[in-house]
Amino acid sequence: MTQTETRSNEAAVEPEACIICGGTTFRPAGISSGYRIFRCMECGFHFVHPTPPLSEIAAIYEKYSSNKLYAAKAERKVLRAMKQIRRYRQLAPGNRFIDFGCNIGTAVEAAIRLGLDAHGVDIDEESVGIARKEYPRGKFHAGALESLPADWADFDFAFMIEVIEHLPDPHAYFEAMRKRLKPGALLYLTTPDAGHWFVPRDFTAWREVFPPQHLHYFTKKAMRRFLTDHGFEVIRFIWSPKPRLKVLARKK
């Protein structure tokens, strides 16, 4: 039996409950690259079902590395991150900064240029290797959040840029992440916005739909519920003309 046939058989199993709101009513949103996508009718959350095995996800990332693309635009990304940090840093209680899913370290470099004590973590060793080479003033760690040094804690300001849509288990990731933040810490998170008016009626025609790299697609309603359940208070959603969900939240 081929992998495609196995995936088709597994995909015949319908979802039982939404991982965000617990809803049990779903609508098929289409099939992309052989992966079925469903929409929760209660909170609007879209998701790949069933979740692909970790080995399958890892194989895709090994084949399609985006590091060269990011590196080519590195300085532009540093300057963009500086604008974001400068705009919101006054809402953070201190100057300890961490970028969860830091890739090649551009946001960490941006924070350093603005005088913050900046750290970055990414699961990809190649990305972190580039970050250490290009931005030696930054503090970087390659590995899962559970493997972070004990003193990587009590952060005041966290970035999570285009990360949550990739996570096989966003709940587990957030529980590990929030332990590293001090009470009152600021979180700036971005992810594709499945509820944006720009998203086509045919959901799978949306450019952000490319499983298994992207597994989860949040709406504002779903994101608010998710963050609240993990002990964050939404400060505000930031308007965007593009289908990009941008949110500021504070750890309670």
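**Exercise 1. Which residues of β4 are buried on one side, and which on the other?**

Solution. Before starting, keep in mind that this is a predicted model.

Step 1: take the strand as a whole. β4 spans residues 96–100, and five of its five residues are buried.

Step 2: split it by face. Arg96, Ile98 and Phe100 are buried on one side, and Phe97 and Asp99 are buried on the other. Both faces of β4 are therefore covered, given that buried means under 20% relative accessible area.

Step 3: look at the strands beside it. β4 pairs with β5 (residues 117–122) in the parallel sense, over five bridges. There, Phe97 has Ala118 of β5 as its bridge partner. β4 also pairs with β7 (residues 155–161), again in the parallel sense, over three bridges. For that pairing, Ile98 has Ala158 of β7 as its bridge partner.

**Exercise 2. Work out how the chain gets from β4 to β5, and what surrounds the helix in between.**

Solution. Step 1: name the unit. β4, helix α5 (residues 106–113) and β5 form a β-α-β unit, and a right-handed one.

Step 2: check how covered the helix is. Seven of the eight residues of α5 are buried. They are Thr106, Ala107, Val108, Glu109, Ala110, Ala111 and Ile112.

Step 3: find what does the covering. The elements over these buried residues include α4, β4, β5, β6 (139–142) and β7.

Step 4: look just past the helix. α5 is followed by Gly115, with a positive phi near 85°.

**Exercise 3. Is Met82 buried or exposed, and what does it touch away from its sequence neighbours?**

Solution. Step 1: place the residue. Met82 sits in helix α4, residues 74–88.

Step 2: read off the accessibility. Met82 comes out at 11% relative accessibility, so it counts as buried.

Step 3: list the contacts. With neighbours within four places in sequence set aside, Met82 is in contact with Ala110, Arg113 and Leu114.

Step 4: compare sequence and space. Met82 and Leu114 are 32 residues apart along the chain, yet their C-alpha atoms are 7.3 Å apart.

**Exercise 4. Which residues have the most contacts inside the largest nonpolar core?**

Solution. Step 1: start with the general idea. In soluble globular proteins, nonpolar side chains tend to be buried together.

Step 2: find the core. The largest one has 40 residues, and Phe100, Phe174, Met177, Met223 and Leu227 have the most contacts inside it.

Step 3: see which elements feed it. β2 (35–40), β4, β7, α7 (170–178), β8 (181–192), α8 (220–229), β10 (232–238) and β11 (244–251) each give at least two residues.

Step 4: zoom in on one of the residues. Leaving out neighbours within four places in sequence, Met177 is in contact with Phe100, Leu145, Met160, Leu187 and Phe232.

Step 5: don't stop at one core. A second, separate core has 28 residues, among them Cys102, Ala110, Ala118 and Phe140.

**Exercise 5. Why can β8 be called largely enclosed, and which way do β7 and β11 run against it?**

Solution. Step 1: count the buried residues. Ten of the twelve residues of β8 are buried, so the rest of the structure largely encloses this strand.

Step 2: take β7. β7 and β8 pair in the parallel sense over six bridges, with Leu189 of β8 as the bridge partner of Met160. The connection from β7 to β8 passes through α7, as a right-handed β-α-β crossover.

Step 3: take β11. β8 and β11 pair in the antiparallel sense over seven bridges, and Tyr188 stands opposite Leu248 of β11.

**Exercise 6. In what order do the strands of the four-stranded open sheet come, and which element gives the largest share of the second largest pocket's lining?**

Solution. Step 1: write the order. The sheet reads β1-β2-β3-β9, with antiparallel pairing.

Step 2: pick out the edges. β1 (26–32) and β9 (216–217) each have a single partner strand, so each has one side without a neighbour in the sheet.

Step 3: inspect β1 and its partner. β1 and β2 pair over six bridges, and Ile31 stands opposite Arg36 of β2.

Step 4: turn to the pocket. The second largest pocket holds about 220 Å³ of space. Of its 13 lining residues, Arg27, Arg39, His46, Arg201 and Phe203 lie nearest the centre. β1 provides the largest share of that lining, with three residues.

Technical notes
Residues are numbered from 1 along each chain as its sequence is written. This is a predicted model: local features need pLDDT of at least 70, side-chain atom pairs count only at pLDDT 80 or more; totals for chains, interfaces and linings use all residues. Side-chain values use heavy atoms; hydrogens and water are left out. Buried means under 20% relative accessible area, exposed over 50%, partly exposed in between (1.4 Å probe, protein chains only). Contact means heavy atoms within 4.5 Å. Two strands pair if DSSP finds at least two bridges between them. A crossover is right-handed if, with the strands pointing away from the viewer, the path from the first strand over the helix to the second runs clockwise. A nonpolar core is a set of buried Ala, Val, Leu, Ile, Met, Phe, Trp, Tyr and Cys residues joined through side-chain atoms within 4.5 Å. On a 1 Å grid over the protein atoms alone, a cavity is a set of points where a 1.4 Å probe fits but cannot get out, and a pocket is an open set with protein on both sides within 12 Å along at least five of seven lines; lining residues have an atom within 4 Å of a point. Grid points are joined across faces, edges and corners, and a volume is the space filled by probe spheres set on the points.
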